[in-house]
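Me: I've got a model open and a few labels on it puzzle me. Can you walk me through where they come from?

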Amino acid sequence: MHSNAQADQGQASGISLDKLQPGRCGLVVDVVTDTDDAKRLMAMGVCVGRIIKLEQLGDPMILQVVGTKLGVSKRLGAAVNVIPCEEKSCAERDGSGMECP
């Protein structure tokens with residue numbers, strides 16, 4: 001599955017989540033993986049338009065998504081492209097609570 005809504009609007013493609021510095025936040029702009037893995041990530045709240053924070057690198061990677069910490073494999077994390085946020089703690093104030101499409 002390849003979701004590229006932001007790139008269609010001229011946004012940068014970003015970096016893969018495993019390249020984000022621990023403690024930093026990023027806006028998800030693309031998820032490049034097969035349908036089953038994309039559904040798995042969406043069920044955990046990782047979807048295009050969501051701000052997530054990388055808490056810890058490794059395998060699993062620890063993410064903060066809408067106030068919840070979760071672990072995802074490095075393989076899955078590498079399939080998520082983000083644009084790093086300017087603010088370090090933007091995920092902590094991102095109380096959007098919106099559902100993934």
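Reply: Sure. Keep in mind that this is a predicted model. A good place to start is Valine 65, which stands opposite threonine 68 in E6.

Me: What makes E5 and E6 a pair of strands?

Reply: The cut-off is at least two bridges between two strands. E5 and strand E6 (residues 68–72) have 5 bridges, in the antiparallel sense, so they pass as a pair.

Me: And which residue in that hairpin has a positive phi?

Reply: That's valine 66, with a phi near 45°. The hairpin of E5 and E6 has 2 residues between the strands.

Me: How do you know that E4 pairs with E5 too?

Reply: Use the cut-off of at least two bridges again. Strand E4 (residues 51–56) and E5 share 4 bridges, antiparallel once more, so these two count as paired. Within this pair, isoleucine 52 stands opposite valine 65. The hairpin they form has 4 residues between the strands, and glycine 58 in the turn shows a positive phi of about 135°.

Me: Why is strand E5 called largely enclosed?

Reply: A residue is buried when its relative accessible area is under 20%. In E5 (residues 61–65), 4 of the 5 residues are buried, so the rest of the structure largely encloses this strand. For the protein chain as a whole, buried residues make up 40% of the 101 residues.

Me: What is the order of elements along the chain?

Reply: Starting at the N terminus, the order is β-α-β-β-α-β-β-β-α-β-α. That comes to 4 helices and 7 strands.

Note on methods: Residues are numbered from 1 along each chain as its sequence is written. This is a predicted model: local features need pLDDT of at least 70, side-chain atom pairs count only at pLDDT 80 or more; totals for chains, interfaces and linings use all residues. Side-chain values use heavy atoms; hydrogens and water are left out. Buried means under 20% relative accessible area, exposed over 50%, partly exposed in between (1.4 Å probe, protein chains only).
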